[in-house]
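Work through these exercises with the sequence and the 3D view side by side. Try each task before you read its solution.

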Amino acid sequence: QVQLVESGGGLVRQGGSLTLSCEVSGYVAAIDGMYWYRQTPGNERELVASIFASGSSTYADFVKGRFAISRDEAKKTMYLQMNNLKPEDTAVYYCNANLASNMGWVHHWGQGTQVTVSS
């Protein structure tokens, strides 16, 4: 029963900060890439940031300099520190992780957490 559960979303004023968490529960042999996506109604889900087991990370241009992705291997948790939030950051944020299982490497999705930034 592997699950990814996002938390930390909520309401914040523009310029404020939030930190999202994505915890992987259940046994997994290994976690490779972990990713944050976001989606608004009528739009495709877009990649926000990525972090790999090597520690390397990438960011979408629209969050560079404002967001920071990290991961805690012991807690099997990924974080997204969001600073200087803008109204256009309002979206449902989803975590995704490439997990090793008996089937090999399989991507799993969380159910999402709402982030709303007011102006």
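**Exercise 1. Strand partners**

Which residue in E11 is the bridge partner of Tyr-93?

Solution. Start with the ground rules. This is a predicted model, where local features need pLDDT of at least 70, side-chain atom pairs count only at pLDDT 80 or more, and totals for chains, interfaces and linings use all residues. Residues are numbered from 1 along each chain as its sequence is written, and side-chain values use heavy atoms, with hydrogens and water left out.

Step 1. Know the label: helices (H or I, at least four residues) and strands (E, at least two) are DSSP runs, numbered from the N terminus. Two strands pair if DSSP finds at least two bridges between them.

Step 2. Find Tyr-93 and look across to E11: the bridge partner is Thr-113.

Step 3. Check the direction. E9 and E11 run antiparallel and are joined by three bridges.

Step 4. Now take strand E2, residues 10–13. Four bridges join E2 to E11, and these two run parallel. Here Arg-13 has Ser-118 as its bridge partner in E11.

**Exercise 2. Two faces of E11**

Find which side chains of E11 are buried, then look at the surroundings of Val-117.

Solution. Step 1. Use the cut-offs: buried means under 20% relative accessible area, exposed over 50%, and partly exposed in between (1.4 Å probe, protein chains only).

Step 2. Follow the alternation along E11. Thr-113, Val-115 and Val-117 point to one face and are buried. Gln-114, Thr-116 and Ser-118 point to the other face and are not buried.

Step 3. Zoom in on Val-117. The relative accessible area of Val-117 is 6%, so this residue counts as buried.

Step 4. List the contacts (heavy atoms within 4.5 Å), not counting residues up to four places away in sequence. Val-117 touches Val-12, Arg-13, Gln-14, Leu-85, Lys-86, Pro-87, Asp-89 and Thr-90.

Step 5. Compare sequence with space. Val-117 and Ser-17 are 100 residues apart along the chain, yet their C-alpha atoms are separated by 9.6 Å.

**Exercise 3. The nonpolar core**

Which strand gives the most residues to the largest nonpolar core?

Solution. Step 1. Define the set: a nonpolar core consists of buried Ala, Val, Leu, Ile, Met, Phe, Trp, Tyr and Cys residues joined through side-chain atoms within 4.5 Å.

Step 2. Size it up. The largest nonpolar core has 28 residues. Those with the most contacts inside it are Trp-36, Val-48, Phe-67, Met-78, Leu-80, Met-82 and Tyr-93.

Step 3. Name the suppliers. At least two core residues come from each of E3 (18–25), E4 (31–39), E5 (46–51), E7 (67–72), E8 (77–82), E9 (91–101) and E11 (113–118).

Step 4. Pick the top one: E9 gives the most, with five residues.

**Exercise 4. Salt bridges**

Trace the network of salt bridges that includes Arg-38.

Solution. Step 1. Apply the rule: a side-chain nitrogen of Lys or Arg lies within 4 Å of a carboxyl oxygen of Asp or Glu. By this rule there are five salt bridges.

Step 2. Start at Arg-38. One salt bridge joins Arg-38 to Glu-46, with the closest N and O atoms 3.0 Å apart. Another joins Arg-38 to Asp-89, at 2.9 Å. This second pair links distant parts of the chain: Arg-38 is in strand E4, Asp-89 is in the loop between E8 and E9, and they are 51 residues apart.

Step 3. Complete the network: Arg-38, Glu-46, Arg-66 and Asp-89 are linked.

Step 4. Sort by burial. Arg-38 has 6% relative accessibility, so it counts as buried. Asp-89 is buried because its value is 1%. Glu-46 is at 32%, so it counts as partly exposed.

**Exercise 5. The disulfide**

Which two cysteines does a disulfide join?

Solution. Step 1. Recall the chemistry: a disulfide is a covalent bond between the sulfur atoms of two cysteines. The cut-off here is a pair of cysteine sulfur atoms within 2.5 Å.

Step 2. Count: there is one disulfide by this rule. The disulfide joins Cys-22 to Cys-95, S to S 2.1 Å.

Step 3. Place the ends. Cys-22 lies in strand E3 and Cys-95 in strand E9, so the pair ties together parts 73 residues apart in sequence.

Step 4. Add the details. The link of Cys-22 and Cys-95 is right-handed, with 60 degrees about the S-S bond. Both cysteines, Cys-22 and Cys-95, are buried.

Methods:
Contact means heavy atoms within 4.5 Å.
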